[in-house]
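Please walk me through this structure in the viewer. Tell me what to select at each stop and what is found there.

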Amino acid sequence: MPKKMTPRRVEQYREQGAIYERFNPEGRLHIVCPQCGGLVLLCDSLSRMERKDVAQVAAKDSAAAVERLKTMLPCGERQAKAIVLHLRREGAGCRHCGAENPRGALLCAQCMSVNLDWDF
Ligand SMILES: [Zn+2]
Ligand SMILES: [Zn+2]
């Protein structure tokens, strides 16, 4: 368990039942973001190039990236938005708190937010 997991956060992380009532991931790989409670699909069916493409669109226009994702994945507006929201900008820190994390780190060590590195 990461050092920064406070008892309150551990409690929040256990409260995931409500998320699954709103959305059924149907066996697709996903993670529930410990920071915001959003359900983020990991999109393992997308190729590296497809992910990079989405990340590059998102860097300029996140609404366009949401639309692009919806054409690539069987996912709705809410799931596509959650994914785009968690994409880390190239060379930037955590998308929530700005802390620097190793490239490819799925969770920020400071705030436990999910970060997706899709631009490489
Ligand atoms: Zn989040
Ligand atoms: Zn963070």
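Start with the zinc ion (ligand 2), whose donors are spaced C-x2-C-x10-C-x2-C along the chain. This is a predicted model, and the stops below should be read with that in mind.

**Stop 1: the zinc ion (ligand 2)**

Select Cys94, Cys97, Cys108 and Cys111 and display their SG atoms; these are the protein donors, lying 2.3 to 2.4 Å from the zinc ion (ligand 2). The angles among the four donor atoms are 105 to 113°, and the site is tetrahedral. For reference, the ideal angle for four tetrahedral donors is 109.5 degrees.

Now keep only Cys94 and Cys108 highlighted. Both cysteines lie in the segment after α5 (77-85), so the pair ties together parts that are 14 residues apart in sequence. Are these two buried or exposed? Cys94 has a relative accessible area of 5% and is buried. Cys108 is buried as well, at 1%.

**Stop 2: the zinc ion (ligand 1)**

Move to the zinc ion (ligand 1) and select Cys33, Cys36 and His86. The ion is coordinated by SG of Cys33, SG of Cys36 and NE2 of His86, at 2.1 to 2.3 Å. Along the sequence these donor residues follow the spacing C-x2-C-x49-H.

Colour the two cysteines by accessibility. Cys33 counts as buried, with 1% relative accessibility, whereas Cys36 is partly exposed, with a relative accessible area of 42%.

**Stop 3: helices α3 and α4**

Select residues 48-60 for helix α3 and residues 62-72 for helix α4. Their axes come within 6 Å and cross at roughly 155°. Angles over 145 degrees count as roughly antiparallel, and α3 and α4 are therefore roughly antiparallel to each other.

To see the contact, show side chains on both helices. From α3, the residues to pick are Glu50, Asp53, Val54, Val57, Ala58 and Lys60; they meet Ser62, Ala64, Ala65, Arg68, Leu69 and Met72 of α4. By class, this contact has seven nonpolar, one polar and four charged residues.

**Stop 4: alanine 55**

Stay on helix α3 and select Ala55, which is found there. Ala55 is buried, with a relative accessible area of 11%. Which residues does Ala55 touch, not counting those up to four places away in sequence? Leu87, Trp118 and Asp119 are the ones to display.

Finally, draw a distance between the C-alpha atoms of Ala55 and Ala65. The two residues are ten apart along the chain, and these atoms are separated by 7.5 Å.

Note on methods
Residues numbered from 1 in each chain as written. Chains lettered and ligands numbered in written order. Predicted model: local features only at pLDDT ≥ 70, side-chain atom pairs only at ≥ 80, totals over all residues. Heavy atoms only, no water. Axes fitted to C-alpha atoms, helices over the stretch in contact; angles between N-to-C directions. Helix = DSSP H or I, 4+ residues; strand = E, 2+ residues; numbered from the N terminus. Parallel < 35°, antiparallel > 145°, perpendicular 65-115°, else oblique. Contact = heavy atoms within 4.5 Å. Nonpolar A, V, L, I, M, F, W, Y, C, P; charged D, E, K, R; others polar. Donors = N, O, S within 2.8 Å, 3.2 Å for Na, K, Ca; no water. Tetrahedral: all angles 85-135°; square planar, octahedral: opposite > 155°, others 65-115°. Buried < 20%, exposed > 50% of the residue type's maximum accessible area, 1.4 Å probe, protein only.
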